[in-house]
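Biologist: Could you walk me through the side-chain contacts in this model? I would like to follow the reasoning and not just hear the results.

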Amino acid sequence: MNIHKRFIVQFFIQLILVFILFFFLLISIWGIIGFSIMNDEVTQDLSKADDAFFSNRITIHGNKATFNDELKSLTANQNGWLLMLTQKGDIIGSYQAPKQVPAHFTQSELAAILLQDSSVTTEYTHWLLKETGPQTYLLLFGRKNAETRLLNDMKADVDWNNHQLHLSAATLQQLNEEKGWAQLIDSTGKVLDQYGTDKEPITYSIQDLHNLTKEKHESIAAYFDTRSEQTIIVGINESGSTPNLEVSLVKTMTKGFLIIPVLLFLLLLIGTFWYARKFGVPLIMMMKWIQNLGSGLFEQPQDLHQRQMMLNKKGKLKRKYRLYKDLIATLSQLTETLKQNEAQRGKMTQTREEWISGLSHDLKTPLSSISGYAQMLESKNYSWTETETREFAGIITEKSTYMMDLLEDLTLTYRLKNQALPMAKEQVDMNEFIRRTIIYFMNNPTNNDKEFLFHPHNGTIFASIDPKWFQRIIDNLLANAIKYNPSGTKITVSISSIEQHLIMITIEDDGIGMDNETLNKLFHRYYRGTNTSDSGSGTGLGMAITKQLIHIHGGSINVKSAPQRGTTVRIILPL
C-alpha cells in the first residue's frame, strides 16, 4: 500500500473513531443531564422515581426492611410515608406511616390502593422491587390528598338549592392553610359561588376546563351532584414546590449546555496535541533528516544516546512513524546512496589525484627525454654521427608517440562519457579480424616471450562492429595480457556463439592474475595496475575505455581472475 492510500485509510479510520467518541460523549452528557433531571424530579416528587432508584436505598434482612437516610430525608421533605409489603400484604418496614395504617393489607385494600380509588383522601404510588431480595416486594409511598379531603368535607355543607358553598369554619381554615380555592358551577359552566380566588373565569367553557386540568401549579378535584347538576371544583396551589423544580431543571439544563462546549473544547485540544504528535513529530524528524543530508551528514537523526530515534529497541519503526514507512524507506535508500557516492567520490578524487600525479610524471619523463636529446642535437660542442642522430630521433619519436597516445586516451574517455563518439558499424568476419590482430602481436619482437593460441569459431561468423574502435578493444585486452604477465605466459583467444544470437570472444592467460581489489577497480577511470616487470607507465584509462566501447557496441564484458591462477576475459556481442 502506497503512502497516498495509507493516508486515506488512516484519516478515514480516525474520522470514524472521532465520530464514535463524539457520539458516546454526547450520549454520556445527555445521560448525565437526564440523571440530574431525574434526580431533581425525585428530590421534588418521590413518586417520579423508578424501581432502580430504590434498589440500593432499601436493605432487607430476614423479615425486616430498612431505608437509608437519603430516602428518609426525601420522604420527610415531601410530607409522605413509606411502606414495604410482602406478596401476602404483610408490612415488613415503614417510615412516618400514620397510626391508622394496618400491619397487614388485604387484597381488596391493595386493589383500592393500586387502582387509585378516587374517593380516598390518601394518594399512593407503588413499585414492585425485585432486586432488594430473593422475593418480590411492594413499596408504597403515601401522601395525603388535600384536595380530595377538602372536597369530601364540602359535600355536606353545600346548599345545593340556594347555589351556595356555605363552607364551615373548619373547612375555611383548611382551605386557607392549604392555600386552596373552591367554586360551585351549574350545568352551563357559570360560577354560582366561589371562595379563595377571584382570577378564575365567571363562566367555564370546554377550553377553560381543559386548560384547568393541564395546570401544573395546582391540584384539582371535582364532585358532580346528579340531582342539582352542579359541580364543586377544589384547587390546591402547589406554587411552593413546583417553581423550585422548574428552577432546578433550568439550572441542570444550563449546566449541561455549559459542560458540552467545555468538553468539546477539551476534546479538540486533546485531538490537536494528538494529531501534532502523530503527524507533526514524524514530519519534523524527517525534515531534520533531510537537513542532515543537505549538510553532508548521511545518517538518520539520533538521540542523546546515539540511537536512531525512529526505531524501537527491536530495531523496528516506532508506531508513529509507520504511516511514513515508504518515505522513510526512500530516505534510507537515498542516505545510503549518498553515503556510497560520497565514499566513491572520495576514492575517485584520491585515484584521480594519484592519476594526475602519475600522468604528470608520465608526461614529464618523455618530455625530459625529448628535451634532453633535442639539446644534445642542438649543441655545437659535439658532432654526432648519422647513427647516433637516428638513434636520438627514434627515441624522440617513441616518446612523442607515447605522449600522443596518452592525450588521445584522455580525449577519447571524455568523448565516450558524453556519448559524442561517432560509430560506423559494418558486418565483419570475426574469425579473420581476430586472426590478423593476433598475428600482429606475434610478429612484434618484444612479445617473443609469450605464447599465443587462437581457437576460431567453427565456420564463418559475422558481427556488426566498428572495425576501428573494436580493434582498440582487442588491442587493449591483448596488450594488458602481455604487459602485466611474466615471460612464458600462454595467451589463448577463442571465438564461440551462443544460441546463434550472440558471439563470445574469450581472452585467457595463465599468468599472475589479479587480487579482488584490483579486479573491482579494473574498469575505473584513472586506475592503473602494476606488476614487477614493468615500469608502471600507462594512461590508467585503457580498461575504462574498453568497457565503454563494448557497451556502445551493445555488448558486455566480464573478467574473472585470482592471484597465480591467470585471468579470463569474456566479451559477448549481438550478432
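Modeller: Happy to; we will go through aromatic pairs, salt bridges and a charged patch, and please keep in mind that this is a predicted model.

Biologist: How many aromatic pairs does the structure hold?

Modeller: A pair of aromatic rings is described by the distance of the centres and the angle of the planes. Ring centres have to lie within 6.5 Å to count as a pair. For this structure, the number of aromatic pairs is nine.

Biologist: Let's take F54 and W127: what kind of aromatic pair do they form?

Modeller: Their ring centres are 4.6 Å apart, with 50° between the planes. Planes under 30 degrees apart would count as stacked and over 60 as edge-to-face. The angle for F54 and W127 falls into neither group, so the pair is tilted.

Biologist: How many residues apart are the two partners in that pair?

Modeller: F54 sits in helix α2 (residues 51-55), while W127 belongs to strand β5 (residues 122-129). The pair therefore links distant parts of the chain, and the separation is 73 residues.

Biologist: Is F54 buried or exposed?

Modeller: Buried means under 20% relative accessible area. F54 has a relative accessibility of 0%, so F54 counts as buried. Its partner W127, at 6%, is also buried.

Biologist: Which residues are linked into a cluster by ring pairs?

Modeller: F54 and W127 form a pair, and ring pairs also bring in a further Phe. The cluster consists of F53, F54 and W127.

Biologist: Which helices are tied together by the pair of Y373 and F392?

Modeller: The two ring centres are 4.9 Å apart and the planes meet at 40°, so this pair is tilted. Its partners are 19 residues apart in sequence. Because Y373 lies in one helix and F392 in another, the pair ties together α9 and α10.

Biologist: Which of those two residues is buried?

Modeller: Y373 has 23% relative accessibility, so Y373 counts as partly exposed. F392 has a relative accessible area of 8%, which is under the 20% limit. The buried residue is F392.

Biologist: On to charges: how many salt bridges does a search of the whole structure find?

Modeller: Side chains of opposite charge can pair when their charged atoms come close. The limit used here is 4 Å between nitrogen and oxygen. The search of the whole structure finds seven.

Biologist: Which residue forms a salt bridge with E70?

Modeller: The closest N and O atoms in this bridge are 3.2 Å apart. E70 lies in helix α3 (residues 69-77) and is partly exposed at 38% relative accessibility. The partner counts as buried at 14%. That partner is R57.

Biologist: Where do R436 and E432 lie?

Modeller: Their side chains meet in a salt bridge at 3.9 Å, N to O. The two are four residues apart, about one turn of the helix. Both lie in helix α11.

Biologist: Which residues are linked in a network of salt bridges?

Modeller: R436 and E432 are joined by a salt bridge, and another Arg is part of the network too. The network is made up of E432, R435 and R436.

Biologist: Finally, which residues form a positive surface patch?

Modeller: One member, K325, lies in helix α9 (residues 325-378). At 43% relative accessibility, K325 counts as partly exposed. The full patch is K314, K316, R319, R322 and K325.

Note on methods:
Residues numbered from 1 in each chain as written. Predicted model: local features only at pLDDT ≥ 70, side-chain atom pairs only at ≥ 80, totals over all residues. Heavy atoms only, no water. Patch = residues over 30% accessible without salt bridge, like charges linked within 9 Å, V, L, I, M, F, W, Y side chains within 5 Å. Areas by Shrake-Rupley, 256 points an atom, 1.4 Å probe, with all protein chains shown as cover. Lys, Arg positive; Asp, Glu negative; His and termini not counted. Charge placed at Lys NZ, Arg CZ, Asp CG, Glu CD. Buried < 20%, exposed > 50% of the residue type's maximum accessible area, 1.4 Å probe, protein only. Phe/Tyr/Trp six-rings, centres within 6.5 Å; stacked < 30°, edge-to-face > 60°.
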